[in-house]
Amino acid sequence: MDISASVLTYFLIPAVKAVVVVILVATAAGVLTYIERRTLAFLQVRKGPNRVGPEGILQFVADVVKLLTKEDVVPAKAQHFIHFLAPVLVMVPGLAVFAVLPWGPEFTMRIPGLGKITTAWYAADLNVSLLLVLAITSVGIYGIILGGWASNSKYALLGGLRSAAQLISYEVPMGFAVVSAILMARSLSLVEIVEAQRTHQMWFILPGLVSFFLYFVSGVAETNRIPFDLPEAESELVAGFHTEYSGFRWAIFFLTEYANMITISAIATALFFGGWLRPFPSVHALAFLDVVPPVLWYVLKVSCFLFVYIWFRGTFPRYRFDQLMALGWKTLIPISLTNLVLVALAALGGFRGLRILGIVLWGAAIGAFLIVTRLRAAKPPAAKTAPASVRARAAEA
Amino acid sequence: MGTPLAFLPILLMMMGAVGVGILLLGLNALIGRKVRTVRKLSPYESGMPLLDDSHKRISVKFFIVAMVFILFDVEAAFLYPWAVVFRQGGWPVFLEMLVFVFVLFLGFAYLWKKGAFDWD
């Protein structure tokens with residue numbers, strides 16, 4: 001390979017991709033805030049933002065302009081440098097992860113003046129992509145703790161501490177869930193994991209039903225989203241770790257939260273939902289689905305997860321902190337360890353083993369669902385009675 | 001794919017992110033309002049005058065969680081390379097990891113019994 005060609009493959013194309021991705025992700029996070037507000041409004045039977053631009057689509061542009069003109073208040077007693085460092089430390093890993101997300105396969109295109117160029121819908125395909133994702137996203141935790149600590153405010157400090165405890169607690173089941181996906185694909189490269197789902201002729205959601213569930217629940221906790229948004233529980237901690245942040249420093253925390261939601265959804269798609277592959281990649285009868293380009297499949301799947309995120313927010317109340325810790329350590333970790341052993345056992349049996357595990361898991365899940373709904377339908381809901389303490393007080397009065 | 005050059009895009013992406021961060025924060029500092037008052041710059045205390053320092057002693061629970069996390073995350077790190085290669089090894093490799101996970105589970109059960117995961 002001559003030098004100009006390697007400069008092109010290793011520097012110019014990645015540089016262009018990096019710029020495009022950073023801009024796209026920042027915009028997507030903005031648009032996502034608008035979509036979230038509209039969807040929440042829809043779930044709560046109200047209108048939501050609908051004034052700026054057609055149907056309010058330009059709301060996020062107005063918000064960015066507003067935030068840019070806001071005062072950037074740094075409390076007098078704060079650690080100034082760390083207070084500035086924290087949002088950057090949250091944002092850089094949040095955006096850097098997007099380098100390895102596999103949005104689509106390799107493709108060849110013709111650029112005038114350069115000839116044919118084969119490149120891909122991802123900036124980098126490493127043999128340790130998945131490890132890199134877990135490593136880089138963990139760095140964001142530092143930003144949150146440092147932000148909470150440097151603010152020199154009680155609420156910020158408490159929010160930061162809680163956040164640290166929550167994020168590291170849910171790293172563990174997430175790590176184990178990811179290992180079970182690696183067991184199935186036998187690779188740490190996200191591109192190879194997606195391709196493995198073609199050779200296995202099934203999405204890994206089939207044998208990875210429990211793993212996916214563990215991954216997504218931990219993912220929601222990792223992004224500090226409702227019902228796990230304890231670091232910023234408004235009703236108890238004012239605004240948690242970013243109480244003392246305003247202007248664009250605050251906006252960076254906010255945008256990164258949405259960027260992280262996209263990351264979690266994208267990884268879940270790549271690991272368990274066949275990445276850019278169409279549904280049932282081996283069934284020829286469904287070949288007409290190939291009309292939809294791979295990238296669109298990926299975006300479509302990721303959008304579904306993002307909708308689930310918003311749906312959660314519209315549906316679930318917040319956990320209490322002890323409940324959160326109990327769920328993480330006493331429920332998710334034992335389940336994830338058991339699941340890991342099960343998946344390993346199935347993976348020993350190769351394609352057939354995984355398929356059997358998938359059928360058993362889905363059979364059990366569907367069976368349990370049918371039994372529960374039958375029981376609910378057969379038995380009318382018991383009349384609600386007040387707890388004993390309330391009844392005693394009512395009797396006294 | 002495994003060469004150091006393959007990591008270059010990630011470095012570029014980080015630089016892009018830092019660039020965007022500095023650009024936006026700089027813009028904010030440039031065009032944002034600047035009206036500083038003593039009250040505004042004091043830490044938030046729900047409108048009350050600030051009573052004491054906010055860096056107080058921290059509940060030991062947080063330290064325990066952090067230590068337990070380090071244990072479990074290191075174990076998980078051992079599992080990544082194993083998960084990639086274990087199918088070549090077959091049953092012996094699987095059984096070895098089963099022993100490993102079992103020992104991990106014993107420690108987990110001990111911590112549970114000691115109440116490391118109870119939060120009150």
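Good morning. I begin with two helices from two chains: the axes of helix 11 (residues 321–348) of chain A and helix 3 (residues 91–114) of chain B come within 12 Å of each other and cross at roughly 170°. Please keep in mind throughout that this is a predicted model.

Two packed helices are described by the angle between their axes and the distance between the axes. Angles over 145 degrees count as roughly antiparallel, and helix 11 of chain A and helix 3 of chain B are therefore roughly antiparallel to each other. On the side of chain A, the contact is made by A:K330, A:I333, A:L337, A:L340, A:V341, A:A344 and A:L348 of helix 11. Helix 3 of chain B contributes B:F94, B:M97, B:L98, B:V101, B:F105, B:F108 and B:W112. What is the chemical character of the residues in this contact? They divide into 13 nonpolar, no polar and one charged.

Let us now consider the contact between the two chains as a whole. Chain A gives 72 residues to the contact, and chain B gives 56 residues. Which elements of chain B give two or more residues to the side that touches chain A? They are helix 1 (8–31), helix 2 (60–89) and helix 3 of chain B. Helix 1 of chain B supplies the largest share of that side, 17 residues. By character, the residues on the side of chain B that touches chain A divide into 42 nonpolar, eight polar and six charged.

In helix 2 of chain B we find B:K61. With 18 other C-beta atoms within 10 Å, B:K61 is partly exposed. B:K61 and B:F117 are 56 residues apart along the chain, and their C-alpha atoms are separated by 8.7 Å.

I turn next to the interior. The largest nonpolar core has 142 residues, and those that touch the most other members are A:L95, A:V100, A:A268 and B:M13. Helix 5 (residues 154–185) of chain A gives the most to this core, with 21 residues. As for A:A268, if we leave aside its neighbours within four places in sequence, its contacts are A:F212, A:Y215, A:F216, A:G219, A:F273 and A:F305.

Helix 5 of chain A also holds A:A177. Is A:A177 buried or exposed? A:A177 is buried, with 29 other C-beta atoms within 10 Å; the cut-off for a buried residue is 20 or more. Apart from neighbours within four places in sequence, A:A177 is in contact with A:S211, A:L214, A:Y215, A:S218 and A:S336. The C-alpha atoms of A:A177 and A:I333 are separated by 9.7 Å, although the two residues are 156 residues apart along the chain. A:I333 is one of the residues through which helix 11 of chain A touches helix 3 of chain B.

Another pair distant in sequence involves A:G358, which lies in helix 12 (residues 350–378) of chain A. A:G358 and A:P207 are 151 residues apart in sequence, yet 3.7 Å apart in space, C-alpha to C-alpha. Not counting residues up to four places away in sequence, A:G358 touches A:M202, A:L206 and A:P207. A:G358 is partly exposed, with 19 other C-beta atoms within 10 Å.

Two loop residues of chain A deserve attention for their backbone angles. A:R186 lies in the loop between helix 5 and helix 6 (190–199) of chain A. Phi of A:R186 is near 60°, a positive value in a residue other than glycine. A:N224 is placed in the loop between helix 7 (209–222) and helix 8 (234–237) of chain A, and A:N224 too has a positive phi, of about 60°, although it is not a glycine. Where do they stand with respect to burial? A:R186 is partly exposed, with 16 other C-beta atoms within 10 Å, whereas A:N224 is buried, with 23.

Finally, I come to a pair of strands. Strand 1 (residues 106–111) and strand 2 (residues 115–120) of chain A pair in the antiparallel sense over six bridges. In this pairing A:E106 stands opposite A:A120, and A:M109 stands opposite A:I117. Why does strand 1 lie largely in the open? Of the six residues of strand 1 of chain A, the number buried is zero, so strand 1 lies largely in the open. Strand 2 of chain A is likewise hardly covered, with a count of zero buried residues among its six.

Thank you for your attention.

Key:
Residues are numbered from 1 along each chain as its sequence is written. Chains are lettered from A and ligands numbered from 1 in the order in which they are written. This is a predicted model: local features need pLDDT of at least 70, side-chain atom pairs count only at pLDDT 80 or more; totals for chains, interfaces and linings use all residues. A residue is buried if 20 or more other C-beta atoms lie within 10 Å of its own, exposed if 12 or fewer, and partly exposed in between; C-beta atoms are placed from the backbone. Helices (H or I, at least four residues) and strands (E, at least two) are DSSP runs, numbered from the N terminus. Two strands pair if DSSP finds at least two bridges between them. A nonpolar core is a set of buried Ala, Val, Leu, Ile, Met, Phe, Trp, Tyr and Cys residues joined through C-beta atoms within 7 Å. Two residues are in contact if their C-beta atoms, placed from the backbone, lie within 7 Å. Axes are lines fitted to C-alpha atoms, for helices over the stretch in contact, and angles run from 0 to 180 degrees between N-to-C directions. Angles under 35 degrees count as roughly parallel, over 145 as roughly antiparallel, 65 to 115 as roughly perpendicular and the rest as oblique. Ala, Val, Leu, Ile, Met, Phe, Trp, Tyr, Cys and Pro count as nonpolar, Asp, Glu, Lys and Arg as charged, and the others, Gly among them, as polar.
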